[in-house]
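Here is my note on the model you sent round. Please read it with the coordinates open.

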Amino acid sequence: MAGASHDSARRANLVTAVCVAAAVACLPLVVKDVYIQNMLVLTLMYAALSQSWNILSGYCGQISLGHALYFGIGAYATLLLFTKFGVLPWFGMIAGGFVAALVAAAVGYPCFRLKGHYFVIATIVIAEAGLLLVLNWDYAGAAMGIEIPVRGDSWAKFQFARSKLPYFYFALALAFVAWLVTWRIEDSRWGYWWRAVKDNAEAAESLGVVVFRSKMAAAAVSAFLTAVGGGFYGQFVSYIDPESVMSFQFSLLMALARGARRHRHPVGAGGGRGHSHSDHGSYALLCRRHGQGFRSHRLRPPGDGHRARAAGGHRRRAHRAQAGAGVMSALLEVRDLTQRFGGLVANADVSIDVRAGEILGLIGPNGAGKSTLFNAIAGVRKPTQGRISFEGRDVTDLGAPERCALGIARTFQVVKSFETMSVVENVMVGAFQRTSSSREAREKARKVLDFTGLAARENAMAQELTPPEKRRLEVARALATEPKLLLLDEAMTGLTPAEARQGVELVRTIRERGVTIVMVEHVMEIVMPLVDRAVVLDLGRVIAEGKPADIVRDERVITAYLGERHRARDA
Ligand code: ADP
Ligand code: MG
């Protein structure tokens, strides 16, 4: 239903845009004043430019204050190619577009690898350098610029002396095409990825988004369209000079035209965006939802025999996994892993095996290095030393998105939602790992939301969720990538005892569906009955490993973590 309302809202947007474009197309019938017509042409051009700028800076969040450079490249390429080589402006505009895309990629390449404000500063610097370059470029007329001789009207040469109307219709078409491109992008994998990157790049990477490539693509598409706009401008005024097409003010204008508008997805008005929901989506619900799995396994009904059957299913799967491999092999192997932060050793010689189909508890005091170990397994940070292999393959040198593609998913101790995206869109970002169709991604996301008890919140903005809901959303997002291994970093922190029980049930159900789980959790009452084995970290080292019953009796564990209170009660 929500999928259909999403589609119809998008169709309504398209119909509105076509109507607006048609109405604007009729304007010259009433507006005969040439001056005002010229103003209309420029207004439409700015509309197209602001759409182009928005692709990089609005959707992707990479603020550019140097778009005048791409505009100038388009204008200069078009006019130079025509005046010096007789190349028709249509080809000139395209050529300018490609040159601008290349320059944008060259600016982005070093900057997108760094975090921080390098990119925005680089765009200003490069644009100023470009301005200085053309100011001193005699071949291109230096400060005098370039003028194209206009002789009569010609569509081939895109020159019109008598009437400005062809320019008007071209500018209208350009604005419409730029709008259409963003409309298409908005509901495409790239569009969701860009918005995710903008909201939280680290979370996006954990869901398989290659952030760097995503930013590069946005920069190139944006620069291309901007350069076409520049070529058009050159043709329209038939004269360009460095100041008129490449000045900083021009870059600012583009940013201001669009930057004020915070991007918010316009779709989903029919859904539960308001705050009137009672929080009735619960983990318990999912146990009753049969056959709606995102994998082929069917859920078993809850009941007394539930746990026993779950364990049985788990054993069968584990057995099958072993039989397939011939020997008892680990899904994940961590070997002698050390992670240093300057003088601090956060992980020291950690070796862990995670077996297919098990739930492994990772426990230890704050600062023991649990999250650091998760980051190493998920590919966020390369370990100082040691190797990690997954399904027998060495993955130490792979980044987070590649590991997600292989089947490693994770949640974050400090939640990292895509705040300006709706709940279902958050999950779609994960679903796009396995499909490029947004329809399929949406369907999959809705199934996962159903499964995780968030279906009622599907259209809420992530920023409207309660903290426990946000934790569930992280689990849903991770599940949508269809992981083989799921890392849960304190996913039940901040839950009430009742919510935590539902969380435990969810973890069991996930494992039943064939997903191996490693979980960090502090509340022993939650974690010990749930896990098959536990590994205890202290000061970065593994100090104990084994069955929960043995772990809670281990002297080192009691001293380092559980404390005397636990010993007293246990006895
Ligand atoms: P845990 O998750 O077990 O509570 P962490 O893995 O978060 O512990 O942290 C282990 C140690 O590493 C802590 O002393 C922490 O301050 C340090 N640490 C973690 N991440 C970084 C980092 N990016 N830079 C420097 N020190 C870090
Ligand atoms: Mg931690």
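The points below take the metal site, then the ligand shell, then one helix.

1. This is a predicted model, and the points that follow should be read as descriptions of that prediction.

2. Which protein atoms serve as donors of the magnesium ion (ligand 2)? They are OG of Ser371 and OE1 of Gln413, lying 2.0 to 2.1 Å from the ion. Ser371 belongs to helix H14 (residues 370-378), while Gln413 sits in the loop between strand E8 (408-410) and helix H16 (423-431), so the pair ties together parts that are 42 residues apart in sequence.

3. Are the two donor residues buried or partly exposed? Ser371 has a relative accessibility of 23% and counts as partly exposed. Gln413 is partly exposed as well, its relative accessible area being 30%.

4. Ligand 1 is surrounded by 13 residues, of which the closest are Gly367, Gly369, Lys370, Ser371 and Thr372. Ser371 thus appears both here and among the magnesium donors. By class, the shell around ligand 1 consists of five nonpolar, six polar and two charged residues.

5. Three polar contacts of ligand 1 can be listed by residue. A polar backbone atom of Gly367 is 2.8 Å from an oxygen atom of the ligand. For Ser371, an N or O atom of the side chain is 2.9 Å from a ligand oxygen. For Thr372, the corresponding distance, again from a side-chain N or O atom to an oxygen of ligand 1, is 2.5 Å. On its own, ligand 1 has 560 Å² of accessible area, and the protein covers 62% of this.

6. Which elements give two or more residues to the shell around ligand 1? They are strand E4 (344-355) and H14. The largest share, three residues, comes from H14.

7. Helix H22 (residues 555-562) has a buried side. Val557, Ile558, Tyr561 and Leu562 are buried, and they cover an arc of only 105° around the axis, which puts them on the same side of H22. The general background is that an α-helix has 3.6 residues a turn, so residues three or four places apart point the same way. Arg556 and Thr559 are exposed and lie on the face of H22 turned away from the buried side.

8. The two ends of H22 can be described as well. At its start, a side-chain oxygen of Asp554 comes within 2.9 Å of the backbone nitrogen of Arg556. After H22 comes Gly563, which has a positive phi near 85°.

Terms used. Residues numbered from 1 in each chain as written. Chains lettered and ligands numbered in written order. Predicted model: local features only at pLDDT ≥ 70, side-chain atom pairs only at ≥ 80, totals over all residues. Heavy atoms only, no water. Donors = N, O, S within 2.8 Å, 3.2 Å for Na, K, Ca; no water. Helix = DSSP H or I, 4+ residues; strand = E, 2+ residues; numbered from the N terminus. Buried < 20%, exposed > 50% of the residue type's maximum accessible area, 1.4 Å probe, protein only. Near = heavy atom within 4 Å. Polar contact = N/O pair within 3.5 Å; in protein donor to acceptor, adjacent residues only side chain to side chain. Areas by Shrake-Rupley, 256 points an atom, 1.4 Å probe, with all protein chains shown as cover. Nonpolar A, V, L, I, M, F, W, Y, C, P; charged D, E, K, R; others polar. Arc of directions from axis to C-beta.
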